[in-house]
Amino acid sequence: MTALLIGLGPLLGWGLYPTIASKIGGKPVNQIVGSTLGTLIFAIILFFVNDLTLPTGMDLTLGIVSGIGWASAQILTFKSFELVGSSRAMPITTAFQLIVASLWGVVHLGNWPTITDKLIGALALVLIIIGARFTVWSEKKDSANSSNIKKAVIILAVGEIGYWLYSAAPQETSITGMNAFLPQAIGMVIVAVVYSLVIAIKEKENALTQVVSYKQIISGFFFAFAALTYLISAQPSMNGLATGFILSQTSVVLATLTGIWFLGQKKTPKEMKITIVGLILILLAATLTVIV
């Protein structure tokens with residue numbers, strides 16, 4: 001029961017994170033500044049409470065690169081929220097992450113070694129694509145809406161490079177996820193500060209001096225809580241990597257539904273039914289990708 005409750009931590013953290021960030025408001029630059037500061041505060045507290053050691057050398061570098069990847073991708077994800085809302089963007093980015101993680105596992109880590117594994121894995125990838133397509137289906141064909149969805153898909157596809165770095169870089173180190181957490185947070189803040197300075201030069205608005213940026217620290221706590229509980233859940237003594245990953249992917253359901261319920265991202269009854277079918281397909285595919 002304890003393992004299950006911890007495993008559902010990402011459901012709450014990552015499920016509520018995009019909705020809370022959108023609800024607090026501000027531009028993508030405000031959202032990334034606050035989110036990364038919240039994550040850094042959380043990571044520093046964790047570092048001292050658990051008496052962790054800061055990695056050095058290449059381990060530290062790859063940890064920071066991991067954080068840089070996440071923050072860069074998250075900026076693009078926030079931009080996609082402006083185009084289509086979190087309820088449509090989250091299933092798409094989840095689908096991209098599942099596809100890339102699966103392919104990376106096959107190519108680099110030697111996952112899905114048998115023909116049967118590859119066939120089941122290929123089926124899972126097809127289900128992911130279909131599920132993501134269902135979640136953005138619109139009953140009323142609107143050229144402007146279709147254009148925004150296409151732009152959002154392209155933005156999220158580019159952003160997946162950053163999410164891939166976030167997951168892949170720590171795999172090339174010898175440190176645990178817990179020890180990688182603070183370097184990742186440092187990398188995230190570096191991106192946020194640089195991005196805010198670039199925006200300040202271009203638009204004459206400095207996010208580092210705006211109140212809404214610091215309100216977004218709350219959303220950062222939710223992200224950090226999810227990341228930490230996922231690290232704990234994935235340990236062999238808890239749920240293990242496979243089950244922990246599946247449980248974490250349930251966050252897409254909460255992120256999508258809270259975006260619809262609390263952010264006014266309306267869907268018709270038919271769109272809602274098809275969206276739910278799409279979410280079920282994505283979760284089913286996530287399950288298949290970790291059991292093969």
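## Exercises on a predicted helical model

Among the elements of the protein chain, helix α11 (residues 240–249) has the lowest mean pLDDT, 74, while helix α9 (residues 211–215) has the highest, 97. Keep in mind that this is a predicted model. The protein chain averages a pLDDT of 90, and 99% of the residues score at least 70. With that in hand, let's work through some exercises.

### Exercise 1: Helix spans

Task: Work out what span α10 should have at 1.5 Å a residue, and check it against its end C-alpha atoms. Then do likewise for α4 and α13.

Solution.
- Step 1. The expected span is 1.5 Å times one less than the number of residues.
- Step 2. With 17 residues, α10 should span 24 Å, and its end C-alpha atoms are 24 Å apart, so the two agree.
- Step 3. Helix α4 (residues 57–84) has 28 residues and an expected span of 40 Å; its end C-alpha atoms lie 41 Å apart, which agrees.
- Step 4. Helix α13 (residues 269–291) has 23 residues and reaches 34 Å from first C-alpha to last, close to the expected 33 Å.

### Exercise 2: A serine in α4

Task: Decide whether S66 is buried or exposed, and find which residues beyond its sequence neighbours it contacts.

Solution.
- Step 1. Locate the residue: S66 sits in helix α4.
- Step 2. Buried means under 20% relative accessible area. S66 has 0%, so it is buried.
- Step 3. Setting aside neighbours within four places in sequence, S66 is in contact with L165, Y166, A169, P170 and Q184.

### Exercise 3: Positive phi

Task: Find where D51 and K204 lie, and say what is notable about their phi angles.

Solution.
- Step 1. Start from the background: most residues other than glycine have a negative phi.
- Step 2. D51 is not a glycine, yet its phi is positive, about 50 degrees. It lies in the loop between α3 and α4, and at 68% relative accessibility it counts as exposed.
- Step 3. K204, also not a glycine, has a positive phi of about 60 degrees. K204 belongs to the loop between α8 (177–203) and α9, and its 70% relative accessibility makes it exposed.
- Step 4. For a glycine example, turn to G85, just after α4, with a positive phi of about 85 degrees.

### Exercise 4: Salt bridges

Task: Find how many salt bridges the model has, and which residues are linked in a network.

Solution.
- Step 1. The cut-off is a side-chain nitrogen of Lys or Arg within 4 Å of a carboxyl oxygen of Asp or Glu. The count comes to two salt bridges.
- Step 2. One joins K27 and E203, at 3.5 Å from N to O. K27 lies in the loop between α2 (9–24) and α3 and E203 in helix α8, so this pair ties together parts 176 residues apart in sequence.
- Step 3. Another joins E205 and K27, at 3.3 Å from N to O. E205 is in the loop between α8 and α9, and this pair links parts of the chain 178 residues apart.
- Step 4. K27, E203 and E205 are therefore linked in a network of salt bridges.
- Step 5. As for accessibility, K27 at 37%, E203 at 40% and E205 at 35% count as partly exposed.

### Exercise 5: A nonpolar patch

Task: Find which residues form the nonpolar patch on the surface, and which helix gives its largest share.

Solution.
- Step 1. The members are I41, I45, V49 and F221, with about 360 Å² of accessible area together.
- Step 2. Helix α3 (residues 28–49) supplies the largest share, three residues.
- Step 3. F221 lies in helix α10 (residues 217–233), and at 33% relative accessibility it counts as partly exposed.
- Step 4. Buried residues of α10 include G220, F223 and A224.

Definitions and conventions:
Residues numbered from 1 in each chain as written. Predicted model: local features only at pLDDT ≥ 70, side-chain atom pairs only at ≥ 80, totals over all residues. Heavy atoms only, no water. Patch = residues over 30% accessible without salt bridge, like charges linked within 9 Å, V, L, I, M, F, W, Y side chains within 5 Å. Areas by Shrake-Rupley, 256 points an atom, 1.4 Å probe, with all protein chains shown as cover. Helix = DSSP H or I, 4+ residues; strand = E, 2+ residues; numbered from the N terminus. Buried < 20%, exposed > 50% of the residue type's maximum accessible area, 1.4 Å probe, protein only. pLDDT = per-residue confidence, 0-100. Contact = heavy atoms within 4.5 Å.
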